[in-house]
Amino acid sequence: MRPTRNTWFVNALRTVAPPLGASCGALALMVAYTATGAAGDPPPRITVVDAHIVAVSAGSGSTAAYFEIRNTGPSKDTLLYADSPDLGVSLLRRTVRRTGTGRTEPVWAVDVPAGGTVRMAPGGLGVVILDPPVLKAGQKVPYLLWFRQSGKVAVRATVTAGVR
């Protein structure tokens, strides 16, 4: 007696079902494991403290913002850019000293090492704010720092009377 098409299909399904089921189960477990964040490198843990902006009066062409970025996590992260919805264009800059003069150069990214801190300060790394509005000491301004791994970190920067 010759097997029917239906019998052939059932036999093929019985042969393929166990490895196919095992593969689907393994894939589901891998997806669940990855979704918990346990797969790969542990994530960085970024906090931003001492956020301040130098006060400016009307007609100032630019000012600066400074932040202290702490990474208490076991993996490095990278600051990609910083901006504020309330201010003008913001650029990461670093002051470079050459032959007694200082000039600023753009910075495209800033690595924040695992377990480390990056301190922005006058004469070094900072955020230049172009064409800012009038800013008065004591004012609080929202600022967003964007990281490769941690994404957006929102802070409130305090406007200070002078460079510190």
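**Exercise 1. Strand pairing around β3**

Task: In this predicted model, determine how many bridges join strand β3 to strand β6 and in which direction the two strands run relative to each other.

Solution.
Step 1. Locate the two strands: β3 covers residues 77–83, and β6 covers residues 110–112.
Step 2. Count the bridges between them: three join β3 to β6.
Step 3. State the direction: β3 and β6 run antiparallel.
Step 4. Name one pair of residues: D77 has V112 in β6 as its bridge partner.

**Exercise 2. The pairing of β3 with β9**

Task: Find how many bridges join β3 to strand β9, and state which residue of β9 stands opposite A82.

Solution.
Step 1. Strand β9 comprises residues 140–147.
Step 2. Four bridges connect β9 with β3, and these strands run antiparallel.
Step 3. The residue of β9 opposite A82 is L145.

**Exercise 3. Salt bridges of E68**

Task: Identify which side chains form salt bridges with E68, and state whether E68 is buried or exposed.

Solution.
Step 1. Begin with the principle: side chains of opposite charge can pair when their charged atoms come close.
Step 2. Consider R70, whose side chain meets that of E68 in a salt bridge with an N to O distance of 2.8 Å.
Step 3. Consider R119, which also forms a salt bridge with E68; here the closest N and O atoms are 3.4 Å apart.
Step 4. Place this second pair in the chain: R119 belongs to strand β7 (residues 117–119) and E68 to strand β2 (residues 62–71), so their salt bridge ties together parts that are 51 residues apart in sequence.
Step 5. Classify E68: its relative accessible area is 11%. Because buried means under 20%, E68 is buried.
Step 6. Classify the partners: R70 is partly exposed at 36% relative accessibility, whereas R119 is exposed, with a relative accessible area of 59%.

**Exercise 4. A further salt bridge and a network**

Task: Describe the salt bridge between E105 and R103, and then name the residues that shared partners join into one network.

Solution.
Step 1. The side chains of E105 and R103 meet at 2.9 Å, N to O.
Step 2. E105 counts as partly exposed, at 22% relative accessibility, and R103 is likewise partly exposed, at 46%.
Step 3. The network consists of E68, R70 and R119, joined by salt bridges that share partners.
Step 4. For the structure as a whole, a search finds four salt bridges.

Methods
Residues are numbered from 1 along each chain as its sequence is written. This is a predicted model: local features need pLDDT of at least 70, side-chain atom pairs count only at pLDDT 80 or more; totals for chains, interfaces and linings use all residues. Side-chain values use heavy atoms; hydrogens and water are left out. Two strands pair if DSSP finds at least two bridges between them. Buried means under 20% relative accessible area, exposed over 50%, partly exposed in between (1.4 Å probe, protein chains only).
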